[in-house]
Amino acid sequence: MNPSLQTQCAHAGATPNDDTNAVTNALYFSSTYRYDPANLPSPTDVYARESNPTRTALENVLTKLEQGAAAAAFSSGSAAAHAVFMSLRPGDHIIVNQDVYSGIRIMLKDFFIPWGLQISFTDLTDTKNLEAAITGQTKLVWTESPTNPLLNIVDLKAVIAICKTNHIYVAVDNTFATPVLQNPILLGADIVMHSTTKYLGGHSDLTGGALITAAEDDRWKEIKHIQHIIGAVPAAFDCWLLMRGIRSLVPRMQLHVSNAKKVAAYLAGHSAIEQVLYPGLASHRGYTIAAAQMKEPGAMMSILVAGGKEKALQVVARLTCFVHATSLGGTESLIEHRKSSEGPDSATPDNLLRLSIGLEDADDLIADLKQALE
Ligand SMILES: *Cc1c(COP(=O)(O)O)cnc(C)c1O
């Protein structure tokens, strides 16, 4: 049998064949593992920062989710992104989509530019911009799609084709799409990153990150070396919790998406809203590309509220079902005035609210928005 993603997720990490016959996966807290004096250096787990059985089980699950060759789990999505940038060398040039998660923009500006990376923040929704930005030193392209928080769509196949011609490594932050809705490795990407804090964990109760590679190439070996030596690794309990979340990932995403479609359709017709940014609406600039590269348009959206920041904040204050908080991908719907959390560099419009559509009854979400927008 070649089990589907849904079937694999339902069994994520379970190994009912060890000595205990436990049906769900074991949780090993041990930081250190006994040596066999006759077999050194040890071929098995030695020290938990380097590897441990719970994290290995998670990494195997992550590898399958994105149909890659190997995976590395980190203590946050940011730590995962850091390992990719750290695998470059001072003087290397990278191209980062202009509309990038604000924490990664800050990481690049505050740490990697001083360290010596040359960075072009480029609008990759038009591949002409990509071609113009490539130099002889360009080693990596980094993009999300859909992007946070503007929900722009980057044509991943087109970007990857240009990068392949120019021998440039492509990294895709697939946090908004999830492996259920989009598989960048199948589109030709070299590496996929996730903030597992979001949909993969799915319950707003853990912080984590992941990298999944298409091939165990030299860059991957360097990334594993960074994971091991820098040590931004997740605790065993968080690995276990993440596998627990992944077990319900497929049905959760189905409900997230169906709720989001209903909410977006409602908001799109509302006179108090200037624009709904959701790639599942036919009016969205990236609708056709999203439909081609994603199975479904996801459950994140942003709205531009008529009347500016004051009006947007009033809407947030009136909501009772949506929780006013950052982050996304949990069972509860969240709403956030994104510019306020992005820092002084933010180019996000002042009247933008970002919505993470949860698993509530869609009618309740719509009723809540209706009363708040009145
Ligand atoms: C949250 C997020 C990150 C950062 O992940 P952390 O787990 O918060 O470090 C990176 N990219 C995207 C798209 C995100 O939403």
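**Exercise 1. Glutamate 374**

Decide whether glutamate 374 is buried or exposed, and place this residue along the chain.

*Solution.* Step 1: recall the cut-offs, where buried means under 20% relative accessible area, exposed over 50%, and partly exposed in between (1.4 Å probe, protein chains only). Step 2: glutamate 374 has a relative accessible area of 66%, so this residue is exposed. Step 3: glutamate 374 sits in the segment that follows α14 (362-373); helices (H or I, at least four residues) and strands (E, at least two) are DSSP runs, numbered from the N terminus. Step 4: look across to alanine 272, which is 102 residues away along the chain, and you will find 8.0 Å between the two C-alpha atoms.

A word on the model before going on. This is a predicted model, in which local features need pLDDT of at least 70 and side-chain atom pairs count only at pLDDT 80 or more, while totals for chains, interfaces and linings use all residues. Residues are numbered from 1 along each chain as its sequence is written, and side-chain values use heavy atoms, with hydrogens and water left out.

**Exercise 2. The ligand and its shell**

Work out which residues come nearest to the ligand, and describe the shell around it.

*Solution.* Step 1: the ligand has 15 residues around it, and Ser78, Asp173, Ser195, Thr197 and Lys198 come nearest; a residue is near a molecule if one of its heavy atoms lies within 4 Å of it. Step 2: look at the oxygen atoms of the ligand. One oxygen atom is 2.7 Å from an N or O atom in the side chain of serine 78. For serine 195, an N or O atom of the side chain lies 2.8 Å from an oxygen atom of the ligand. Glycine 77 takes part through a polar backbone atom, 2.9 Å from a ligand oxygen. Step 3: turn to the cover. On its own the ligand has 380 Å² of accessible area, and the protein covers 92% of this (Shrake-Rupley method, 1.4 Å probe). Step 4: name the elements, since α3 (77-86) and β6 (191-195) are those that give two or more residues to the shell. Step 5: sort by class, which gives 4 nonpolar, 8 polar and 3 charged residues. Here Ala, Val, Leu, Ile, Met, Phe, Trp, Tyr, Cys and Pro count as nonpolar, Asp, Glu, Lys and Arg as charged, and the others, Gly among them, as polar.

**Exercise 3. Histidine 93**

Find the surroundings of histidine 93 and its polar partner.

*Solution.* Step 1: histidine 93 belongs to strand β2 (residues 93-97). Step 2: its relative accessible area is 6%, so histidine 93 is buried. Step 3: the side chains of histidine 93 and serine 120 make a polar contact at 2.7 Å; such a contact is a pair of N or O atoms within 3.5 Å, where within protein one must be able to donate a hydrogen and the other to accept it, and residues adjacent in sequence count only if both atoms are side-chain atoms. Step 4: leaving out residues up to four places away in sequence, histidine 93 touches several others, including Gln118, Ile119, Ala133 and Leu140 (contact means heavy atoms within 4.5 Å).

**Exercise 4. Helix α2**

Compare the span of α2 with the expected one, then list what its buried residues pack against.

*Solution.* Step 1: α2 (residues 53-65) has 13 residues and reaches 19 Å from first to last C-alpha, close to the 18 Å expected at 1.5 Å a residue; the expected span is 1.5 Å times one less than the number of residues. Step 2: among the buried residues of α2 are Leu58, Val61, Leu62 and Leu65. Step 3: an α-helix has 3.6 residues a turn, so residues three or four places apart point the same way. Step 4: the buried residues of α2 pack against α1 (5-10), β1 (70-74), α7 (178-181), β7 (209-213), α8 (218-230) and α9 (236-246). Step 5: just after α2, glutamine 67 has a positive phi of about 55 degrees.

**Exercise 5. Backbone details in the loops**

Locate the cis peptide bond before proline 149, and examine leucine 151.

*Solution.* Step 1: asparagine 148 and proline 149 are joined by a cis peptide bond, with omega about 5 degrees. Step 2: proline 149 falls in the loop between β4 (138-144) and α6 (156-165). Step 3: leucine 151 lies in the loop between β4 and α6, and its phi is near 60 degrees, a positive value in a residue other than glycine. Step 4: with a relative accessible area of 1%, leucine 151 is buried.
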